Amino acid sequence: MDKKYILALDQGTTSSRAILFDKSGTAVSAGQYEFPQVFPRPGWVEHDPEEIFRSQMKAAHTAMEKAGAGAGSIAAIGIANQRETTIVWDRETGLPIYNAIVWQCRRTAHICDELIREGAAAAIADKTGLIVDAYFSGTKIKWILDHVPGAGSLAASGRLAFGTVETWLIWRLTAGKVHATDHTNASRTMLLDLDKLCWDEGLTGRLGVPGSMLPEIKPSSHVYGEVAEGVPGAGALAGIPIAGAAGDQHAALFGSACFTPGQAKNTYGTGCFLLMNTGAERARSKARLLSTVAWSVGDTVEYALEGSLFNAGSAIQWLRDDLGIISTASECDELAESVGDNGGVYFVPAFTGLGAPYWDMYARGAIVGLTRGATRAHIARATLESIAYGVGDLVSAMVADTGLTLPELRVDGGASVSDFLMQFQADLLGTPINRPRNTETTALGAAYLAGLATGFWRDKEELRSIWSSERVFLPQMARAERDGLVRNWKRAVEKSLGWDEESE
Ligand code: ADP
């Protein structure tokens with residue numbers, strides 16, 4: 001085979017990235033372009049869908065130029081995308097009728113409140129695996145149809161199409177020939193029946209979304225179509241098959257080769273995203289973790305549980321940019337390691353409330369246990385430790401929900417470079433932390449999915465052998481010490497709960 005590469009498109013919230021991977025899973029070249037964030041009102045977040053496409057194509061061209069790679073040397077394109085972000089366009093003109101409403105956007109919170117007041121939350125959780133929240137696409141589609149003049153009647157006449165970002169990119173790249181999503185992205189719309197894996201008519205009806213707007217649902221590893229000739233901005237990609245698509249966190253789980261039930265990955269970024277493979281069975285969570293499709297390859301669909309921390313690396317940024325007690329993120333590690341323990345200081349970074357397993361929107365940040373002997377080093381250490389405690393809470397909830405044991409935790413994301421954090425996480429979980437050589441797991445997962453669909457890679461076994469570890473952090477802490485730390489963390493969390501409510 002003369003095809004040397006897979007082109008992974010990693011369409012993120014703040015930038016579009018593209019990476020060329022070779023057969024050994026090595027990133028050969030990359031391109032990355034940021035695009036504007038649009039904030040029309042407090043709490044509202046939008047992107048221009050044209051900017052998403054343009055920046056993504058620029059990134060792809062840059063990666064190809066750097067490697068001197070033409071379309072002829074690329075076996076397939078795989079897409080990983082920011083999830084839930086919602087685009088509605090006119091099939092005839094090809095133009096979006098409104099900006100993309102980004103996953104972070106809170107404008108549809110009132111629609112969610114209404115659903116909750118109607119008593120629909122339990123049935124929706126049962127059907128979709130999700131908690132009712134403005135994050136997910138369903139209420140965002142409703143908002144566009146209700147607020148863009150003429151949208152309702154255009155939708156009723158079958159002219160409008162809805163897509164999350166991968167659907168938009170596939171539609172644009174195939175010049176409107178393919179209107180499709182994959183199971184993982186579909187599972188974030190709050191419109192998918194998670195057991196039957198089809199659009200749920202009860203939910204689409206309740207949110208006023210006509211079936212004609214919805215994309216076909218396909219496997220994550222699947223040949224969707226080829227890049228058409230003459231697509232403006234995509235010229236150099238013409239003829240390459242698009243053969244994989246998945247939401248970014250799902251792609252990262254796949255790129256971490258977490259193919260066995262119980263295997264999990266955590267991304268340590270601005271927030272944290274922990275996903276655990278639960279196998280062919282969907283888990284039902286008592287801690288209100290999300291159930292989601294992990295990926296689908298051929299006829300096989302696998303599920304995952306997902307939990308997230310709203311604030312993780314952002315707490316380190318807060319120390320740097322707002323408190324000014326560190327000047328770089330890595331200084332946080334040095335300070336943390338300069339003291340033998342946390343000095344009794346605990347930091348709960350509940351800047352925007354706490355998610356699973358506490359679910360308290362009124363929780364606010366707290367630093368407790370301060371004495372006159374506390375220093376900025378203790379606060380730095382408490383900040384890094386807080387990330388590990390938060391992840392520990394999610395892992396405990398997942399283990400309780402599934403009865404699965406975690407063989408190890410695989411990691412990626414900006415803060416996974418912190419050796420202190422990784423060692424503390426291993427100590428706290430009593431589980432090894434495995435940091436891969438290639439931490440670009442999101443793009444790698446998209447490449448894997450596309451490579452599997454086109455025979456570039458043979459099977460998951462081959463992918464498992466490509467994944468390689470850079471360092472394993474083994475648990476070293478005595479159980480009694482760990483239990484004491486966790487007990488104090490829980491006491492600190494108690495102090496932060498309900499804070500905003502009490503102050504009103
Ligand atoms: P995102 O994709 O969410 O924007 P990244 O995966 O790029 O985030 O990770 C960025 C986060 O990583 C920042 O919040 C930063 O505080 C944290 N970070 C970066 N370097 C370090 C470090 N050496 N130690 C601890 N945290 C770090």
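**Entry 1: Glu84**

I started with glutamate 84, which counts as buried because its relative accessible area is 5%, and the cut-off for buried is under 20%. A reminder to myself: I'm working from a predicted model. I looked up where glutamate 84 sits and found it in the loop between β5 (74-81) and β6. Then I asked what glutamate 84 is in contact with, leaving aside its neighbours within four places in sequence. I got Ile101, Trp103, Tyr135, Phe136, Ser137, Lys140, Thr164 and Arg188. Two of those names, Ser137 and Lys140, come up again among the buried residues of α4, so I went there next.

**Entry 2: helix α4**

Is α4 (residues 137-147) mostly covered or mostly open? I find it mostly covered, with 9 of its 11 residues buried. The buried ones are Ser137, Gly138, Thr139, Lys140, Ile141, Lys142, Trp143, Ile144 and Leu145. I then checked what covers them, and the list includes β6 (87-90), β7 (100-101), α2 (109-117), α5 (151-156) and β8 (160-163).

**Entry 3: the nonpolar cores**

I looked up the largest nonpolar core and got 55 residues. Inside that core, the residues with the most contacts are Tyr268, Leu289, Leu409, Leu421, Phe424 and Ile433. Which element gives the most to this core? That is α12, with 12 residues. A second, separate core has 41 residues, including Cys105, Ile144, Leu290 and Val301. Ile144 I already had on my list of buried α4 residues.

I picked isoleucine 433 from the largest core for a closer look. Setting aside neighbours within four places in sequence, isoleucine 433 is in contact with Leu409, Val411, Met422, Gln425, Ala426, Arg471, Val472 and Phe473.

**Entry 4: helix α13**

Met422, Gln425 and Ala426 are also among the buried residues of α13, so I followed that helix. How many of the 11 residues of α13 (419-429) are buried? I get 10, which goes down as mostly covered. The buried set is Phe420, Leu421, Met422, Gln423, Phe424, Gln425, Ala426, Asp427, Leu428 and Leu429. I note that Asp427 is on that list too. Just after α13, glycine 430 takes a positive phi of about 65 degrees.

**Entry 5: the second largest pocket**

I pulled up the second largest pocket, with a volume of about 350 Å³. It is lined by 16 residues, and Gly392, Val395, Ser396, Leu428 and Leu429 are the closest to its centre. The elements that give two or more residues to this lining are α12, α13 and α16 (479-496). α12 has the largest share, 6 residues. By class, I wrote down 8 nonpolar, 4 polar and 4 charged residues for the lining.

**Entry 6: the cavity**

How many cavities of 30 Å³ or more does a search of the whole structure find? I found 1. Its volume is about 160 Å³. The lining has 15 residues, and Leu309, Asn311, Leu354, Gly355 and Gly390 lie nearest the centre. β18 (300-309) and α12 (376-402) each supply at least two of the lining residues, and α12 gives the most, 3 residues. The lining divides into 8 nonpolar, 6 polar and 1 charged residues.

**Entry 7: cysteines**

I went through the cysteines for disulfides, and the count is 0. Cysteine 272 is in no disulfide, as the nearest cysteine sulfur, that of cysteine 332, is 14 Å away. Is cysteine 272 buried or exposed? I have it as buried, because its relative accessible area is 0%. Cysteine 198 goes down as partly exposed because its relative accessibility is 34%.

**Entry 8: backbone oddities**

I saved the backbone for the end. The peptide bond from alanine 356 to proline 357 is cis, with omega near -5 degrees. Proline 357 is in the loop between β19 (346-348) and β20 (366-368).

Next I looked at positive phi in residues that are not glycine. Methionine 190 has a phi of about 70 degrees, on the positive side. I place methionine 190 in the loop between α7 (183-186) and β10 (192-193), and it is buried at 1% relative accessible area. Alanine 257 has a positive phi of about 55 degrees. I find alanine 257 in the loop between α9 (248-255) and β15 (264-268), and it counts as buried, with 1% relative accessibility.

How values were computed. Residues numbered from 1 in each chain as written. Predicted model: local features only at pLDDT ≥ 70, side-chain atom pairs only at ≥ 80, totals over all residues. Heavy atoms only, no water. 1 Å grid on protein atoms, 1.4 Å probe; cavity = no way out; pocket = protein on both sides within 12 Å on 5 of 7 lines; lining within 4 Å. Points joined across faces, edges and corners; volume = space filled by probe spheres on them. Helix = DSSP H or I, 4+ residues; strand = E, 2+ residues; numbered from the N terminus. Nonpolar A, V, L, I, M, F, W, Y, C, P; charged D, E, K, R; others polar. Core = buried A, V, L, I, M, F, W, Y, C linked by side-chain atoms within 4.5 Å. Buried < 20%, exposed > 50% of the residue type's maximum accessible area, 1.4 Å probe, protein only. Contact = heavy atoms within 4.5 Å. Disulfide = S-S within 2.5 Å.
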